[in-house]
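Open the model in your viewer and get ready to click along. We will go from stop to stop, with something to select at each one.

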Protein chains: 2
Amino acid sequence: MPRREPEKSVTVQDVARQAGVSAATVSRTISTPEVVSEQTRDLVLEAIRHTGYRVNQAARNLRRKRSGAVLVLVPNLGNPFFSQILASLNATFSNGGYSVLISDSNVQEAPGRQVVDYLLDGRVDGVVCLDGSLTNDDLEQFHLNGLENRIVFACEWLEDAPYPSVRSNNRKGAIMAVEHLYEFGHRKIAHVTGPRGNVLTAARREGMLHARRKLDLPLRDEWIIRGDFSVQSGWKSGDDILRMKERPTAVFCASDMVALGLIARLNAAGLSVPQDMSVVGFDDIELAAFSLPSLTTIRQDRSALGEQAAGQLLKRLENDGELSAACEIKTIDVTLISRDSCSTPVANST
Amino acid sequence: MPRREPEKSVTVQDVARQAGVSAATVSRTISTPEVVSEQTRDLVLEAIRHTGYRVNQAARNLRRKRSGAVLVLVPNLGNPFFSQILASLNATFSNGGYSVLISDSNVQEAPGRQVVDYLLDGRVDGVVCLDGSLTNDDLEQFHLNGLENRIVFACEWLEDAPYPSVRSNNRKGAIMAVEHLYEFGHRKIAHVTGPRGNVLTAARREGMLHARRKLDLPLRDEWIIRGDFSVQSGWKSGDDILRMKERPTAVFCASDMVALGLIARLNAAGLSVPQDMSVVGFDDIELAAFSLPSLTTIRQDRSALGEQAAGQLLKRLENDGELSAACEIKTIDVTLISRDSCSTPVANST
DNA sequence: GCCTTGCATGTAATCGATTACATAGATAAT
DNA sequence: ATTATCTATGTAATCGATTACATGCAAGGC
C-alpha cells in the first residue's frame, strides 16, 4: 500500500505554485470563492485536489483570531441526563462549523478558572455552561476580561447574573407534578430536593410549595427531604421516609434517578409503588419508561435545550458581541408523562 | 467594576519590554524555565503577572506543530455507559495537559472522515475511538496519511487492524455469566446479542457459546436473539421469548440496558424475575444496583478503560510514533456482580 | 596570559494562512 | 479619445510564539 510521508505539510504556497497563481488567490478560493473568477477557481481547486492540500487550522486561527471551537462545561459527565444534552449540543455546533471541547467540572479543580483560561488562551471562542455553581470570583473574572457575551448557560443558570440562558420550566414542572398527585387524591405529599444552593433545587421546590399552598395541602417540615439528584440520595430519602411517624402517601422527586433510588428502597422495605406510595420523578430519562413500575415524571426536552443553547451561543459569536445587550432567557416547556408509579392513596396509617 | 478592553492582546514582546529582556527569554521562561537564570526568571514572571499576559495557543500550535488536543469519537453520546468512560478519559487527558474534543459518530455523516480531517487539519494530535464500526475505506485513509500511531481504540476495536486498544475481557465475562446461571441449575439459557457486525457482540456471543459447549448445554437457534444494546431491543427480545414454544429459563443479555428492557417486558406479561426467569446483564451501569430486582451483571471497569486508553494515547503522542511498533492490546478484567435477578429455575413448562 | 568550555541571552527566521493595499486590464461613461 | 469604475489578482505585512544560531561573558585549564 502506498504511503505518503507523515509530515509533508502541503502549504498554500505549494498549491499556488501548482496552479500558477499567488498564495492570496488560493486563500481566497477557500475562504471567499465568490471574489475569484470561475476559471482560476477551478484551477486552484484542481491543484488542491492534486496536492492533497489541507488548511492548517493553527495558522488560520492565529491570523483570524478565532478558534472555531466551543467549550461545554458539564457538571458530572457520568450523568446520563447531561450526556444527552451534550449529544444535542454537539450536533448543533457541528452543523454550525464549530468543534466541541468538553470539560467535567467535577474533575477540574477550578472550573471557572478553566473557562477563563480557555477563552483568553484563544482555545475556544465561547462556552456553554451546564453548571450553575460558579463562584462570584469566577463571574468577576469573566467581567474583568470582557467575556460576558461568550458564555451562555443551559439547564442551570446563575441567579442575578446577566447571562443568556436556556432552561426548562422547572417551576411549572413541579406544579404539574403536585397537581397530578393531588388529582389522584393525595394530600400528604413529600418532596426530595436537589443539592443545597442549586438553582434547580430552588425552582422546583418553589413550584412545589406554590402548588401546595394553592391546593391548601398540609405541610410538614420533615416532608421536605434534602437530596442531590443521585440514585443514592433517593435510596437515602427512602430511609428517612420509612422512619417518619406521619408518613406521606406520595413523593415528588427532583430527578428520576432519585425516584428510582427511592422506589428501590421502598421495595427493599416491603412497600411497593404505587400501591403503598406514589412517586413522581423529573427529567424523563430513557429508563423511566422501563423501570418497575414505569415512572410518572416531568419530561425535559433535552434536545431542545441543547439545540437552543448552542443556537444562542452561535448567534452571539457571529455578530461578535454586537447584539449582546439583550440577555435572552429562553424557557423550554415541560410535559407530564403519566405512567404507572402513581395511583390513589391507601389508608395506610403508618 | 473596572474592565479591561476585550482584545488588548498582550504579547510576548510586551512582556519582554516590561521585563527589559528579549522575547526569546520570555518564551524560554515559559517553556523551558531551567535554561533561564533565576533572577531573570523572576523578572519575567513578575512582568507576566503585571501585564496579565497569556500565551496565544494558536501561535504556539502553529510553531510547535501540535495542538495539545485529542478527539474522542463516541458512538452515541446519549448512552450512559459511554459517557462514564468519557468522564474518565477527560480526567486523564486533562491531567496530561490535553484538551478533549468530542464527536458523536451517530451524528456525524462520515465519522472516519472527520477523524482524518481533524488529524490532518492539526485540530487534534490524536484520537480515542470508542466506535469499532469504521469502514475499510477509513482505515485506508488513516494508513495513507500515516496516522496509525495517533489512534487508539477503547471498548470496541477493529479486528485485523493493528491499532492499540484497551478493552474489557468480554469473552470471559460471557463465560462467567453463563457459568453463574449454570450454578443456579439453569440449562436452557438464551442470549440477547448486540448489533450485527459489532466486535463486542462477537466476543460475548463466542464466550457464551464456549461456555455452553463446555457445560454441555442444549442449544436452540431461537435462543440466540439479535439485539442492539438498547433498552428497546431488550423489550423486543422479551416479545420473542414469550412467543417461544420451548422457553429458556434464563437469559444472558449483552448489556444492562437490554436486561432492564427485557425484565420490563416480562413483567408486563405477568412474569417476574427471578422467580419465572433469571436474567444477567453486562456493564454494571449505575442503575443496575437499583432496579427491581437489582441486576446481576458483569461489571466493566469503566474508569480503568478510560484511564488506560488515555494513557496509551498520551504515551504515543509523547514519543511521536517512535515506539509505535508494538501494537499493545490491553485487556481489562471484568467481575461478576451477583444481585437479585438470578435464582433457581422453576419447572414452568411454557 | 591565552585558549577552551559552558552558560545566559539576544537576533532573526520560521510556522502557514489571511488580508490591506497596490496594480493591471477591461469595461463603461462622457 | 480620455478618464472613471470595476474586477481579478499579486505583493507583502501580519498574526504571536518558538528556536537555531550567534554572541558575549565568566570561569577553568595550561
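**Stop 1: the two chains.** Keep in mind that this is a predicted model. Select chain A and chain B and give them two colours. Turning chain B by 180°, with 0.0 Å of shift along the axis, lays it on chain A with an RMSD of 0.1 Å. The two copies are thus related as by a two-fold rotation axis. Both copies use the same surface, since 100% of the contact residues of chain B recur in chain A.

**Stop 2: where the chains touch.** How many residues does the contact take from chain B and from chain A? Chain B gives 50 residues, and chain A gives 50 residues. Now select the helices α4, α5 (80-95), α6 (111-121), α7 (136-144), α10 (231-243) and α11 (256-268) of chain B, plus the strand β2 (99-104): each supplies at least two residues of the side that touches chain A. Highlight α5(B), which gives the most to this side, with eight residues. Colour the side of chain B that touches chain A by class, and you will find 24 nonpolar, 19 polar and seven charged residues.

**Stop 3: a strand from each chain.** Select residues 99-104 of chain A, which form strand β2, and show β2(B) with it. In what sense do these strands pair, parallel or antiparallel? They pair in the antiparallel sense, over three bridges. Click on L101(A) and look across to β2(B): L101(B) stands opposite.

**Stop 4: DNA strand C.** Show DNA strand C and the 27 residues that surround it. The closest are T11(A), V12(A), A24(A), A24(B) and T40(B). Next pick α2 and α4 in chain A and in chain B, as these elements give two or more residues to the surface near DNA strand C. Which element has the largest share of that surface? Select α2(A), which provides six residues. By class, the surface near DNA strand C divides into 13 nonpolar, nine polar and five charged residues.

**Stop 5: DNA strand D.** Move on to DNA strand D, which has 27 residues around it. Label the ones that come nearest: A24(A), T40(A), T11(B), V12(B) and A24(B). Then select α2 (23-31) and α4 (57-64) in both chain A and chain B, each of which supplies at least two residues of the surface near DNA strand D. Here α2(B) gives the most, with six residues. To finish, colour this surface near DNA strand D by class: 13 residues are nonpolar, nine are polar and five are charged.

Notes: Residues numbered from 1 in each chain as written. Chains lettered and ligands numbered in written order. Predicted model: local features only at pLDDT ≥ 70, side-chain atom pairs only at ≥ 80, totals over all residues. Least-squares fit on C-alpha atoms with pLDDT ≥ 70 in both. Contact = placed C-beta atoms within 7 Å. Near = placed C-beta within 6 Å. Helix = DSSP H or I, 4+ residues; strand = E, 2+ residues; numbered from the N terminus. Nonpolar A, V, L, I, M, F, W, Y, C, P; charged D, E, K, R; others polar. Pairing = 2+ DSSP bridges.
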